[in-house]
Structure formats: C-alpha cells, structure tokens
Amino acid sequence: MVSGILVCEAGCILENLGTFLDNQGFVVPLDLGAKGSCQIGGNVSTNAGGLHFIRYGSLHGSILGLEVVLANGTVLDMLGTLRKDNTGYDLKHLFIGSEGSLGVVTKVSLLAPPKLSSVHLAFLACKDYFSCQKLLLEAKRKLGETLSAFEFLDSNSMDLVLNHLEGVRNPLPPSLHNFYVLIETRGSDESYDREKLEAFLLRSMEADYISDGAIAQDINQASSFWRIREGIAEALMKAGAVYKYDLSLPVDKMYNLVEEMRSRLGQSANVVGYGHLGDGNLHLNISTSQYSNAILAKIEPFVYEWTSKHRGSISAEHGLGLMKADKIHYSKSPQTVQLMSSIKKLLDPNGILNPYKVLPPSLLPC
C-alpha cells in the first residue's frame, strides 16, 4: 500500500479501518470518540470533524472518491483514487455532509496519511480563556508541522468527568483549574519532537500562559488524558438532562457565549464549554436535573441568534438533522438555502432520502 489510498465499503467501522491502516503504516485522518461504533459512510455523510481536524482538515480534503446510490436507484460511480482530477464538476462534494439527503454513500476512497512514529501528548492548565488563545497561537507558530490536536475544556467539564466517570483522576492535583488544554504532536523524530514540545511548554510557562501541566510518559497515561476529554459527553448524560449545541465561532469570541449563557440561566443549570479550540468549534452543553420548557425558552433562540450575530455556524460538525433543519437560516443566506432546495428536488423529487432532515419542511419535496 504505497499510495496510502484506501477503498472500502460504507459500513466499515471507523476503529476497524484505523486498525487495518495502522498495520499498513498509515492512519485514518479522522478520530472520534464514537470510533468504536460509527461507520465511515456515516462519517462521510455528516462530514464528521473530530480531534485531529487541526492537522488533517475536513473530509472534503481527504475523500478522493465515492460510490453513491441516488433516489431513483442509479449507482453513481465517482470512486476515483486520483489526487488530481479537474474533469468537470467534482460532484462527490455534494454528498459529503449532505446527511444522506441527496444519496446513499455505499463506497469510499480515502487518502490516508502516513503513520508517524513520534506521538506526544501534554495536559495543561490555564488560568483564563485568554491564556488558552495565546497558547493556541504560540502552538501554531512554534510547534508548526507537528501539531495534531489542540483541545480545551473548562473547570465545569473537568468537575463533571471527575464526579461521574469511574477511574478518572485529576492529572494536575490537588485543585481544579479554570481551563485545561490538551496538545498533541505527531512527528518522525522521537527525541527532537519531545525536545521541541518541552521547549515550547517551558516558554509558555515563563510567559504565564500555562499554570501547570504534564506530558504523558506512556500510552496508558496518554489514554487517561484523552479519556477526560472524550468522556465529557458521557459524564453529561450521567449527570441528568442535557441540551447540546455544536457551534463554530471566532476563537476570540467562543467562550463569551458560555459566560453569557451562565448569566441567563443562573443557578438553574450547569453550563459547560469544551471542544476543538484549534478549529474554533465549541461544544456548548447545558446540564439540568430534568428537561424544562422554561429553561429551553431561555436557551433558544438566543443561542442561534448569538451565533448568527457573530457570523458563526449553528452546526460545526454534527449536522442539522431533524431538530435543526428549520434553523439553517441562522447560518446560510436565503439564496443559498433556495439553491440547496433546488438540488434536493432535482436528485430526490419524491423526498424519500432521509426525509425531513437538513432543509426546512416548507422547502422539501412533497
């Protein structure tokens, strides 16, 4: 497998693909907390982002080709394996992220990056969100080509994980810090990459961007660090009712929404902010003892209006689905949505593919 190009069926489990590629000396350019159950066809259909987006970008850049079945039964063979092909319209991009509403993905051609031998992970504490931003900027400048993940979580997220997940320990005891950042690097030279990361962390500590931190010494400690970040969603479910929002926002504005939501809800809810800081993706989660129309009325439409006002996206990586289909206008212009509707009617005139999703019901084929 010299080319690093994988062709597979849509039903392949993401983690299984990762294991197969690992044995061949490659990696999947996508890493999700749900990798043990999600399928690559679904990942493509939702244009899933994940933990390594900052390094490998979106699936629009990693997918070389697709096989798709249209609503009328036509099998659309776009299963190319070429890096460069400028013959006509690149139609595969219509189906990446369309949530199965334009066609059913049945096969995937994926460009897999080489597996790098040197992987390092640091779990860091920051005193405020501004320090997290400065740390991100410096990481992009100083770690450059080795930077593969930059995740953040607030103290509310950490508190939930420590209280609701078994076996999870605070990696920076004894107290909680205001913010935490996970930085992962991937390179080809173990000693050089570690020295580079350690020098970066030392400079960041001297600049007061970091108040405490630890570098994983082995794969078990690295797994325990990732368990904290990946376990937040599970901890939220165990804590009670949760309202989930997946938003793209300018990095400097991202946490302002969390703070404003706390002011709106007061003691009635636990507002949690975490996500992929490296690519401006906030997971805003609001935890309560039980679902309440009164609380929901304080959250929506405020969260969508705030996001729209700051030129953000109301769905960074999770898709619109059924619940947010009629909210698309907060992120897309009327002309854009109308064109989407025209494409939907052309490819699926009877509205049989994943009905009632993505677009507002008033614009869907009858």
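Strand 5 (residues 118-126) pairs with strand 8 in the antiparallel sense over 4 bridges. Here two strands pair if DSSP finds at least two bridges between them. Helices (H or I, at least four residues) and strands (E, at least two) are DSSP runs, numbered from the N terminus. Across this pairing, L124 stands opposite G213 in strand 8.

The model is a predicted one: local features need pLDDT of at least 70, side-chain atom pairs count only at pLDDT 80 or more, and totals for chains, interfaces and linings use all residues. Residues are numbered from 1 along each chain as its sequence is written, and side-chain values use heavy atoms, with hydrogens and water left out.

Now widen the view to the sheet. Strands 5 and 8 belong to an open sheet of 7 strands with the order 8-5-7-6-10-11-9 and antiparallel pairing. Strand 8 (212-215) and strand 9 are the edge strands, and each pairs on one side only. From one strand to the next, the twist averages 15°. Axes are lines fitted to C-alpha atoms, for helices over the stretch in contact, and angles run from 0 to 180 degrees between N-to-C directions.

Strand 6 sits within this order. It pairs with strand 7 in the antiparallel sense over 7 bridges, and L153 stands opposite Y180 in strand 7. Strand 6 is also joined to strand 10, by 2 bridges, and these two run antiparallel. There, F152 has G275 of strand 10 as its bridge partner. How many of the residues of strand 6 are buried? The count is 8 of its 8 residues, so the strand is mostly covered, where buried means under 20% relative accessible area, exposed over 50% and partly exposed in between (1.4 Å probe, protein chains only).

Just before strand 6 comes T146, in the loop between helix 6 (129-142) and strand 6. T146 counts as buried, at 6% relative accessibility. Leaving aside neighbours within four places in sequence, T146 is in contact (heavy atoms within 4.5 Å) with R55, E184, T185, R186, D193 and K196.

Helices lie across the sheet. Helix 8 (residues 190-206) lies across strand 5, strand 7 (179-187) and strand 8. Helix 8 runs at about 10° to strand 5. Helix 9 runs at about 50° to strand 5. The strands that helix 9 lies across are strand 5, strand 6, strand 7, strand 8, strand 10 and strand 11.

Helix 10 (residues 232-239) has I232, A235 and L236 as its buried residues. Seen down the helix axis, these fall within an arc of 100°, so they line one face of helix 10. The arc is that of the directions from the helix axis to the C-beta atoms. An α-helix has 3.6 residues a turn, so residues three or four places apart point the same way. What do the buried residues of helix 10 pack against? Their partners are strand 6 (147-154), helix 7 (155-164), helix 9 (219-230), strand 9 (241-248), strand 10 (270-276) and strand 11 (281-288). After helix 10 comes G240, with a positive phi near 140°.

A second sheet is also open. It has 4 strands in the order 1-4-2-3, with antiparallel pairing. Strand 1 (5-9) and strand 3 (75-78) stand at the edges with a single partner strand each, so one side of each is left without a neighbour in the sheet. The twist averages 15° from one strand to the next. Strand 2 (residues 63-69) and strand 4 (residues 104-111) run antiparallel and are joined by 6 bridges. G65 of strand 2 stands opposite S109 in strand 4.

Next, the cysteines. The structure holds 0 disulfides, a disulfide being a pair of cysteine sulfur atoms within 2.5 Å. For C8, the nearest cysteine sulfur is that of C12, 4.5 Å away. C8 counts as buried, at 7% relative accessibility. Why is C38 without a bond to C12? The C12 sulfur is the closest cysteine sulfur, but at 12 Å it is too far. C38 is buried too, with a relative accessible area of 14%.

Finally, the whole chain. Its secondary structure comes to 14 helices and 11 strands. The radius of gyration, taken over C-alpha atoms, is 21 Å, close to the 21 Å that the globule rule (2.2 Å times the number of residues to the power 0.38) gives for 366 residues, so the chain is as compact as a globular protein of that length. The C-alpha trace spans about 60 × 55 × 35 Å along its principal axes. Buried residues make up 50% of the 366 residues. Of the contacts with a separation of 6 or more, 73% join residues 24 or more positions apart.
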